[in-house]
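Here are my notebook entries from a session with this model. I went through charges, rings, one helix and a few backbone angles.

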Amino acid sequence: MKKVKIAAVIFISLSAFLFGRVPSQILDDVNMESAVGYDYAGENRIKATSVVPIFNPDKSVGNETLTASDELSKETLRKMNLSSPRQLVNGKLEVALYSKELAKHGIGDSVDTLQRDPSISERLLVAVVDGETAPLLKKKYGDRDTGAILSMLIDQNINAGLVPTYNLHHFLNNYFSKLSDPFLPVLEHKGKQVRIKGIALLKGERYVKTLHPDHQFVFKALLENFQLGIYKLKLGEEHYVAIENIKTAHKFRIENSKTFPKITGQLKVKGIIRETLGKRTTEKEMAEIKQKMRKQLERQASDMIATFQQLKIDPLGLGNEVRSRTRNFNAQKWLEQYPDVKIKVKVDVEILEKGVID
């Protein structure tokens, strides 16, 4: 019996040694992608462009780009390796981009490749490009490689801008959910600059529309509680006021969840007026600002949600809100009801005045 146990231990140890080993990769022997872009290359074909950072002896950082086309995104990596002196690997991939044209045809296969690769982090940032990805990735935008710059750009707009918190993990949750739809930031490349242009709305794997710029604030506010730098409020034809240190909090109230749901979103917004002319705001002006901000946000929320219902997309995940409050929830019934469900957002605005000197 003892010999059998010893033999079993030896067998397991040898199996782990022979079959459980992960091939080692020496950093100097591989090219580590920092960004990859996918463009539409005709029916059932995509063109992939990879960015590899090059660290020069003078400590500057450059870029090398490789391209390949195929029916399968995974196969493009193999083809790019044919022209690379070092093995191309995905372990340091920071950003994956999809051209808007490709997104219109569907990005499901390309995203599937990302999620099946164990070397790719779920924190990978994903975005749509207004135009082709290749020209954007072949440019250099700062003192770091292009992948790092794009990652910093998107991260900064998630933390302090109007891009909702997301990454590959969040995208896949919405993509595979029956009760919510994915969205991605849209990048635009002009001259020597790249910027966030908006938010792309998808129905499943396909791009359908870009969120209206006026709706970006209320969209993020109804998705997550956050603190934002500045919100611009229009008071008159050429009269604007800046509200800063914006803090938001939201919740949804569901009525008649078992029959025909009625949804009310309650959004609280708190901020401080930054006076540009150095004078105090009167009580009357303060009340006017609060009322106009409340009405503007409620109108923007109403218009935005009406667009979502018309397109039959649910990027806010309202279906999940209803499901969490409904016993024996019927997903198919909800999807049929969704375009006609009454959805209203009520906004409560609290604004404090801040003069030139606190």
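Where is the place of Lys346? I looked it up and found Lys346 in strand β14. A reminder to myself before going on: this is a predicted model.

**Entry 1: the positive patch**

I stayed with Lys346 and checked its cover. Its relative accessibility is 42%, so Lys346 counts as partly exposed. Next I asked which residues form a positive surface patch. The patch is made by Lys262, Lys342, Lys344 and Lys346. Strand β14 covers residues 342–354 and gives the most to the positive patch, namely three residues.

**Entry 2: salt bridges**

How many salt bridges does the structure hold? I noted nine.

I began with Lys100 and Asp130, whose side chains meet in a salt bridge at 3.4 Å, N to O. I wanted to know why this pair ties together parts that are 30 residues apart in sequence. The reason lies in the placement: Lys100 is in helix α3 (residues 100–105), while Asp130 is in the loop between β7 (125–129) and α5 (133–137). I then looked at cover on each side. Lys100 has 16% relative accessibility, and since buried means under 20%, Lys100 counts as buried. Asp130, at 28% relative accessibility, counts as partly exposed.

My second pair was Arg195 and Glu188, with side chains that meet in a salt bridge at 2.8 Å, N to O. Arg195 is partly exposed with a relative accessible area of 43%, whereas Glu188 is buried with a relative accessible area of 10%.

Which residues are linked in a network of salt bridges? I wrote down Lys100, Asp130, Glu188, Arg195 and Lys197. Both pairs above have their residues in that network.

The third pair I looked up was Glu255 and Arg253, which form a salt bridge at 3.7 Å, N to O. Here Glu255 is partly exposed, with a relative accessible area of 31%. Arg253 is partly exposed too, with a relative accessible area of 34%.

**Entry 3: a positive phi right after**

Asn256 caught my eye on the backbone pass. Phi of Asn256 is near 55 degrees, a positive value in a residue other than glycine. I note for context that most residues other than glycine have a negative phi. Asn256 is found in the loop between β12 (240–255) and β13 (262–274). Its relative accessible area is 48%, which leaves Asn256 partly exposed.

I found another case in Asn328, where phi is also near 55 degrees and so positive in a residue other than glycine. Asn328 sits in the loop between α10 (318–323) and α11 (331–337). Is Asn328 buried or exposed? At 72% relative accessibility, Asn328 counts as exposed.

**Entry 4: aromatic rings**

I ran through the ring pairs next. A search of the whole structure finds eight aromatic pairs. One of them joins Phe217 and Phe226, with 5.7 Å from centre to centre and 70 degrees between the planes, an edge-to-face pair. Phe217 and Phe226 are both buried.

I also looked up Trp334 and Tyr338. Why is this pair tilted? The planes of the two rings are at 50 degrees, with the centres 5.5 Å apart, and planes over 60 degrees apart would count as edge-to-face, under 30 as stacked. Trp334 counts as buried at 3% relative accessibility, and Tyr338 counts as buried at 5%.

Ring pairs also link Phe171, Tyr175 and Phe176 into a cluster.

**Entry 5: helix α8**

Phe217 brought me to helix α8, where it is one of the buried residues. How many of the eight residues of helix α8 (residues 216–223) are buried? I noted seven, so the helix is largely enclosed by the rest of the structure. The buried residues of α8 are Gln216, Phe217, Val218, Phe219, Lys220, Ala221 and Leu222. I underlined Lys220, a lysine among those buried residues.

**Entry 6: a contact from strand β3**

My last stop was Lys47, which lies in strand β3 (residues 46–55). Lys47 is partly exposed, with a relative accessible area of 26%. I looked up its separation from Thr76, which is 29 residues apart from Lys47 along the chain. The C-alpha atoms of Lys47 and Thr76 are separated by 7.6 Å.

Definitions and conventions. Residues are numbered from 1 along each chain as its sequence is written. This is a predicted model: local features need pLDDT of at least 70, side-chain atom pairs count only at pLDDT 80 or more; totals for chains, interfaces and linings use all residues. Side-chain values use heavy atoms; hydrogens and water are left out. A salt bridge is a side-chain nitrogen of Lys or Arg within 4 Å of a carboxyl oxygen of Asp or Glu. Helices (H or I, at least four residues) and strands (E, at least two) are DSSP runs, numbered from the N terminus. Buried means under 20% relative accessible area, exposed over 50%, partly exposed in between (1.4 Å probe, protein chains only). Patches are made of residues with over 30% relative accessible area and no salt bridge: like charges are joined within 9 Å, nonpolar side chains (Val, Leu, Ile, Met, Phe, Trp, Tyr) within 5 Å. Accessible areas come from the Shrake-Rupley method with a 1.4 Å probe; for residues, only the protein chains shown count as cover. Lys and Arg count as positive and Asp and Glu as negative; His and the chain ends are not counted. The place of a charge is taken as NZ of Lys, CZ of Arg, CG of Asp or CD of Glu. Rings of Phe, Tyr and Trp (its six-membered ring) pair if their centres lie within 6.5 Å; planes under 30 degrees apart count as stacked, over 60 as edge-to-face and the rest as tilted.
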